[in-house]
Amino acid sequence: LLQQIFIMFLTAHVLGCIFYFFSTPDFRTVAETAAVDAGEITPWLEASFPAHRNFTNGFRYTTALYWAVTTLTTVGYGDISPSTSAERLFGFVTLVLGTFIFGSVVGTIGSWLADMRQAKELHNRKMDAARAFSLEAKLPPSLRRPTLGFFRRQEVKTYDARELLDELPYELRHSILSHLYHQALMQMEQFRQMDEVFITELCSLLRPVSFGKGQLIFRKGEIGRLVYIVIRGAVEVTAAERSRDCAVWRLGHFLGEEAVLGISKRK
């Protein structure tokens with residue numbers, strides 16, 4: 001979107017400068033020059049910048065840029081109108097260009113908004129399913145609120161990252177996954193010794209999950225099924241029998257690897 005807007009304003013800059021150049025007396029025919037001298041036509045340069053007043057180049061530039069933007073966007077207020085053959089011919093070219101450029105920008109914005117709506121709809125479906133489950137299970141408010149809060153924080157994407165990565169060649173997939181997860185995984189001593197291919201395949205299995213402040217991730221004694229790696233934020237670790245003693249884990253720390261990887265003791 002920003003790229004499209006930048007291209008549009010760059011195009012307006014170039015077209016505005018050219019339009020000003022073609023509006024100078026050098027590009028008027030003999031008949032047009034005579035008509036201007038007789039007062040029969042008044043080109044926009046003379047109307048906007050009378051000879052008895054001194055206008056800066058910046059003011060002249062913004063005026064020409066204003067004409068280019070209104071023409072490219074097909075608004076055309078009419079306060080600056082071409083009156084000579086060169087101005088009208090260039091105005092015609094600008095109108096044709098404006099049809100394509102403005103249509104491209106509008107199409108890009110429409111596509112962007114459609115993607116946002118699609119992601120919003122997918123998230124709403126997830127929330128509707130969570131609400132239906134909460135009602136069917138007759139969860140009390142103390143359970144329903146954190147359940148809905150958990151799903152509300154999860155990011156729902158309009159694409160399947162695993163499916164896209166599987167279609168890529170190995171080297172490219174490895175480079176992308178290393179860019180995403182290498183810094184965090186290399187914090188784990190066990191992963192430093194593992195094969196590159198294994199690390200790549202492991203990274204392809206990772207999926208993002210978000211937890212709110214104060215939410216319990218798991219407790220001692222639970223059957224371990226997942227390994228959590230801290231990518232953003234912080235996780236507080238406490239001991240039930242000594243609740244005052246705690247540690248705060250940040251980027252690269254991991255949780256739950258003992259049960260999954262068979263590691264008996266963390267160093």
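These are my notebook entries on a predicted model.

**Entry: the main core**

I began with the nonpolar cores. The largest has 16 residues. Phe 19, Trp 44, Trp 67 and Leu 72 have the most contacts inside it. I then asked which helices supply this core with at least two residues each. They are helix H1 (2–22), helix H3 (44–48), helix H4 (57–72) and H5.

I followed Leu 72 further. Which residues does Leu 72 touch, not counting those up to four places away in sequence? I listed Met 8, Thr 11, Ala 12 and Leu 15, then Thr 94, Leu 97, Gly 98, Ile 101 and Phe 102.

**Entry: the second core and the cysteines**

A second core of seven residues is separate from the largest one. Its members include Leu 177, Tyr 181, Ile 199 and Cys 203. I checked the accessibility of Cys 203. Its relative accessibility is 4%, so I logged Cys 203 as buried, the limit being under 20%. Cys 17 came next. At 36% relative accessibility, Cys 17 counts as partly exposed.

How many disulfides does the model have? The count comes to zero. The test was a pair of cysteine sulfur atoms within 2.5 Å.

**Entry: a patch on H5**

I turned to the surface. I noted a nonpolar patch of about 590 Å². Leu 89, Phe 92, Val 93, Val 96, Leu 97 and Phe 100 make it. Leu 97 was already on my list as a contact of Leu 72. I picked Phe 92 for a closer look. Phe 92 is in helix H5, residues 85–136. Is Phe 92 buried or exposed? Its relative accessible area is 52%, and exposed means over 50%, so Phe 92 is exposed.

**Entry: the loop after H1**

I looked up Ser 23. Ser 23 sits in the loop between H1 and helix H2 (30–37). Its relative accessibility is 1%, so this loop residue counts as buried. Beyond its neighbours within four places in sequence, Ser 23 is in contact with Arg 28, Trp 44, Leu 45 and Glu 87. I had met Trp 44 before, among the residues with the most contacts inside the largest core.

**Entry: the loop after H2**

Ile 41 was my next stop. I found Ile 41 in the loop between H2 and H3. With a relative accessible area of 25%, Ile 41 is partly exposed. Leaving aside neighbours within four places, Ile 41 contacts Glu 32, Ala 35, Val 36 and Ser 83. I also took a distance along the model. Ile 41 and Ala 161 are 120 residues apart along the chain, and their C-alpha atoms are separated by 63 Å.

**Entry: backbone at Lys 138**

I checked phi at Lys 138. The angle is near 55°, a positive value in a residue other than glycine. Where does Lys 138 lie? I placed Lys 138 in the loop between H5 and helix H6 (141–153). Lys 138 is exposed, with a relative accessible area of 72%.

**Entry: Gly 256**

I finished with Gly 256. Gly 256 lies in the loop between strand E4 (254–255) and helix H11 (257–261). At 11% relative accessibility, Gly 256 counts as buried. I looked for its contacts beyond four places in sequence. They are Phe 218, Leu 226 and Val 227. I also took the C-alpha distance from Gly 256 to Val 230. It is 12 Å, with their positions 26 residues apart in sequence.

Terms used. Residues are numbered from 1 along each chain as its sequence is written. This is a predicted model: local features need pLDDT of at least 70, side-chain atom pairs count only at pLDDT 80 or more; totals for chains, interfaces and linings use all residues. Side-chain values use heavy atoms; hydrogens and water are left out. Helices (H or I, at least four residues) and strands (E, at least two) are DSSP runs, numbered from the N terminus. Buried means under 20% relative accessible area, exposed over 50%, partly exposed in between (1.4 Å probe, protein chains only). Contact means heavy atoms within 4.5 Å. Patches are made of residues with over 30% relative accessible area and no salt bridge: like charges are joined within 9 Å, nonpolar side chains (Val, Leu, Ile, Met, Phe, Trp, Tyr) within 5 Å. Accessible areas come from the Shrake-Rupley method with a 1.4 Å probe; for residues, only the protein chains shown count as cover. A salt bridge is a side-chain nitrogen of Lys or Arg within 4 Å of a carboxyl oxygen of Asp or Glu. A nonpolar core is a set of buried Ala, Val, Leu, Ile, Met, Phe, Trp, Tyr and Cys residues joined through side-chain atoms within 4.5 Å.
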